[in-house]
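Hi everyone, thanks for coming. Today I'd like to walk you through the empty spaces in a protein model.

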Amino acid sequence: MRPTVARTELYSYLVTRHTGRTVRTNIEEQLARVERAALAVLDLRHVPLIDFSCADEVVAKLVVLSVDARPHRRFVLFRGLAEHHLEPIESALTRQGLAAAAESDRGEPLLIGSLEPRAAAAWREIWALGHVDVDALAERLDERAEHLLEALDDLEARALVIRDGDIYVSLGRALDDAAAEEEPGIDRP
Amino acid sequence: MSRVVQVPGTLDETAFETLIAEVRGLDDGSRLLLDARGVSWVSPYGLLGLLAVGQEARVRTGLAPLIEPPDDDEVRSYVDRMHFWPAAAEVFELDARPPKPHGESDALLEVTTIRSHEDVHRVVEGVREKAQKILHNRLGYPKPAVIHFSVMLSEVCQNILEHADSIGWVCAQRYHWRRRLGRDVVVLAVMDVGVGFEGSLATEHARRTGESWSAAAALEAAFLHGESRFRDPGRGQGLQAIRSQVVRWDGAVRIRSGDARIAHVPAWDDVPALQGGLAPFPGAQVLIVLPARQNDEDGET
């Protein structure tokens, strides 16, 4: 399953619920036009600050949308997150038991919010590898495959990884693959 | 018929309580005149208190109240520099056109009326440079504190839009609190005269608590437990975030609403954490005090 990528670069101060609703509605409209699986990528690199209300309207509500999306899957990846973005986003997600996949402004993977430790460890490994099947992942994590399945189901249900047959793909890899398709000269390992 | 109320010489939190008690009996057709000629010292909370009391009098009597400005040149100049008069012109009937605001003032944030999300954006986006000068350069806060302060400002101003159903005002100033703390502080005041916490949360919470529902119960629900009038589980974070940040900075926060006040009380302060039985007043009145960092405090944000 290769999702269509919908990119949004944000530049303004993300403060007030009103602003958050406007940003989210635009993204939802963008996604509503995609009649297949879609990956929304929100770049916050140029956002000077985000408050708690806006984090709830943009981040938490988009994560809820991705978890509930039917019939087409929706995934969300937040990029360019600076240290000062983290507390409002973490708070908005944790308050509702949600989790989001993200990348810091230094390109490090970030799993923000609430997630059971085994699922979190699996997510990090999938991100590091890009794509992996359950047996290889179990070996890497020194776990029994059957113990990992529940965690992987959870990650898939929360739209934190993409399942393509027996393979689990990180949202970062899905984004790289989409970029490679847009620029065919780039080889991916 | 006019009702003349003398504004206490020291216009602070205590003076606000005095003013509330004085204007309590105002009714239709009696016009309020706030006589501030004898004012010799003003805090941000006191300044906004004049607007809140004036607005309430206007709503209750249907007549724009009057105000006599302070006689003292220094106080007068401070009130001008805080851009009080443009906000006052929307509340009071002023004899003269409000003086043009001076250019750059030394205030962290001049008196600003909040009536829309655009106002909140303007306040938050405009405060950065001064917050950097005052919080970081003067009060010794680490640089990221400027962002945390802006977030706090955004949330406290949004409280007006989301819960008051009315206009409100915000302002902030740096002081030296020699007697109480021996340090510089930033004082942030935010006020409205809207529905208040008790009214805002009533639909969702009053049924559950029945006869024990009160302004104090509403303040506890919102300030301590993050409850909100909305069923949306994402709501109610703003006040919690403000409280956590103030605690981290060893600051104080007090919220007055209806006939009650709730506070986070740091070791250096001595107000009650929860107080009921105050003179009833609509809306919410918030006071936040952020003290200068001391040498033994680390760079924690």
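I'll start with the open pocket, then go on to the enclosed cavities and a helix. Please keep in mind that this is a predicted model.

So, the largest pocket: it holds about 680 Å³ of space. Its lining has 21 residues, and those nearest the centre are B:Thr10, B:Asp12, B:Trp41, B:Trp177 and B:Arg180. In chain B, helix H1 (13-23) and strand E7 (168-177) each give two or more residues to that lining. By class, the lining has 10 charged, 7 nonpolar and 4 polar residues. And where does the largest pocket lie? Both domain 1 (1-100) and domain 2 (106-301) of chain B contribute to the lining, so the pocket lies between them.

Now to the cavities: the whole structure has 7 of 30 Å³ or more. The largest cavity has a volume of about 230 Å³, and among the residues closest to its centre are B:Asn159 and B:His163. Helix H7 of chain B gives the largest share of that lining, 5 residues. Here the classes are 10 polar, 5 nonpolar and 5 charged.

The second largest cavity, about 90 Å³, is lined by residues including A:His84, A:Pro88, B:His148 and B:Gln245. H7(B) gives the most to this lining too, with 4 residues, while H3 of chain A and H10 of chain B each supply at least two.

Let's finish on H3(A). Its buried residues are A:His85, A:Pro88, A:Ile89, A:Ala92 and A:Leu93. Down the helix axis they fall within an arc of 130°, so they line one face of the helix.

Technical notes. Residues numbered from 1 in each chain as written. Chains lettered and ligands numbered in written order. Predicted model: local features only at pLDDT ≥ 70, side-chain atom pairs only at ≥ 80, totals over all residues. Heavy atoms only, no water. 1 Å grid on protein atoms, 1.4 Å probe; cavity = no way out; pocket = protein on both sides within 12 Å on 5 of 7 lines; lining within 4 Å. Points joined across faces, edges and corners; volume = space filled by probe spheres on them. Nonpolar A, V, L, I, M, F, W, Y, C, P; charged D, E, K, R; others polar. Domains from an automatic or database assignment. Buried < 20%, exposed > 50% of the residue type's maximum accessible area, 1.4 Å probe, protein only. Arc of directions from axis to C-beta.
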